Amino acid sequence: MTYDVSERTVHFLEPSGRPWPPIDGAEPITFESDGNDGVMVWSVTVEGLPLLRQHTASASAEGLHVRHVQFFPTKIRGIAYGQRAAG
């Protein structure tokens, strides 16, 4: 699944016909993001409450849908460390 984050909203790009659980803010969800920019490596998990803001039923000719979920973080955990130069 492909996603993008902006202003506390997660924008999911999903195949059409894929079932989704209800998103009503009652149950927390967790995201993990890992990255490596050549200098630092990190892994962060964010837990919070979701709220479905909008669902675009026909976002593209390929039959993909966009689901906009606003996210209210309650816990953030992570680790970051520098990489050693290859020698």
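**Exercise 1. Is Gln70 buried, partly exposed or exposed, and what is its relative accessible area?**

Solution.
Step 1. The structure is a predicted model, and Gln70 is found in strand 5, which covers residues 64-82.
Step 2. The relative accessible area of Gln70 is 18%.
Step 3. The cut-off for buried is under 20%. Gln70 is therefore buried, because its relative accessible area is 18%.
Step 4. With neighbours within four places in sequence left aside, Gln70 is in contact with Arg8, Thr9, Leu49, Pro50, Leu51 and Arg53.

**Exercise 2. Describe the make-up of the protein by its elements, its contacts and its surface.**

Solution.
Step 1. Count the elements: the protein has zero helices and five strands. Read from the N terminus, the order is β-β-β-β-β.
Step 2. Look at burial. Of the 87 residues in the protein, 22% are buried.
Step 3. Look at the contacts with a separation of 6 or more. Residues 24 or more positions apart account for 52% of them.
Step 4. Look at the surface. The accessible surface is about 6,300 Å², and carbon and sulfur atoms hold 55% of it.

**Exercise 3. State how confident the predictor is, for the protein and for its elements.**

Solution.
Step 1. The mean pLDDT of the protein is 76. A value of 70 or more is reached by 72% of the residues.
Step 2. Among the elements, strand 3 (residues 29-36) has the highest mean pLDDT, 86. Strand 2 has the lowest, 72.
Step 3. Keep a general caution in mind: predicted coordinates should not be read in detail where pLDDT is low.

**Exercise 4. Which residues make up the largest nonpolar core?**

Solution.
Step 1. The core has seven residues: Val10, Phe12, Ile23, Phe31, Val46, Val69 and Phe71.
Step 2. Strand 2 and strand 5 each supply at least two residues of this core.
Step 3. Take Phe31, which is placed in strand 3. Apart from neighbours within four places in sequence, Phe31 is in contact with Val10, Phe12, Val44, Thr45, Val46 and Phe71.
Step 4. Take Val46 next. Under that sequence limit, its contacts are Ile29, Thr30, Phe31, Phe71, Pro73, Lys75 and Ile76.
Step 5. Add the general rule: nonpolar side chains tend to be buried together in soluble globular proteins.

**Exercise 5. Place Ile29 and Lys75, two contacts of Val46, in the structure.**

Solution.
Step 1. Ile29 is in strand 3, while Lys75 is in strand 5.
Step 2. The range from 20% to 50% counts as partly exposed. Ile29 is therefore partly exposed, because its relative accessibility is 28%. Lys75 has a relative accessible area of 42%, so it is partly exposed too.
Step 3. List the contacts, without neighbours up to four places away in sequence. Ile29 is in contact with Val46, Glu47, Gly48, Pro50 and Phe71. Lys75 touches Thr45, Val46 and Glu47.

**Exercise 6. For four pairs of residues, give the separation along the chain and the C-alpha to C-alpha distance.**

Solution.
Step 1. Ile29 and Pro50 are 21 residues apart in sequence, and their distance is 6.9 Å.
Step 2. Phe31 and Gly48 are 17 residues apart along the chain, and their C-alpha atoms are separated by 8.8 Å.
Step 3. Lys75 and Thr30 are 45 residues apart along the chain, with 9.2 Å between their C-alpha atoms.
Step 4. Glu14 and Tyr3 are eleven residues apart in sequence and 8.7 Å apart in space. Glu14 is in strand 2 (residues 9-15). Its relative accessible area is 2%, so Glu14 is buried.

**Exercise 7. Which residues form a nonpolar patch on the surface?**

Solution.
Step 1. The patch is formed by Val39, Met40 and Trp42, which together have about 260 Å² of accessible area.
Step 2. Met40 lies in strand 4, residues 40-56.
Step 3. Residues in a patch need over 30% relative accessible area. The relative accessible area of Met40 is 31%, so Met40 is over this cut-off and counts as partly exposed.

Note on methods. Residues numbered from 1 in each chain as written. Predicted model: local features only at pLDDT ≥ 70, side-chain atom pairs only at ≥ 80, totals over all residues. Heavy atoms only, no water. Helix = DSSP H or I, 4+ residues; strand = E, 2+ residues; numbered from the N terminus. Buried < 20%, exposed > 50% of the residue type's maximum accessible area, 1.4 Å probe, protein only. Contact = heavy atoms within 4.5 Å. Areas by Shrake-Rupley, 256 points an atom, 1.4 Å probe, with all protein chains shown as cover. Patch = residues over 30% accessible without salt bridge, like charges linked within 9 Å, V, L, I, M, F, W, Y side chains within 5 Å. Salt bridge = Lys/Arg side-chain N within 4 Å of Asp/Glu carboxyl O. pLDDT = per-residue confidence, 0-100. Core = buried A, V, L, I, M, F, W, Y, C linked by side-chain atoms within 4.5 Å.
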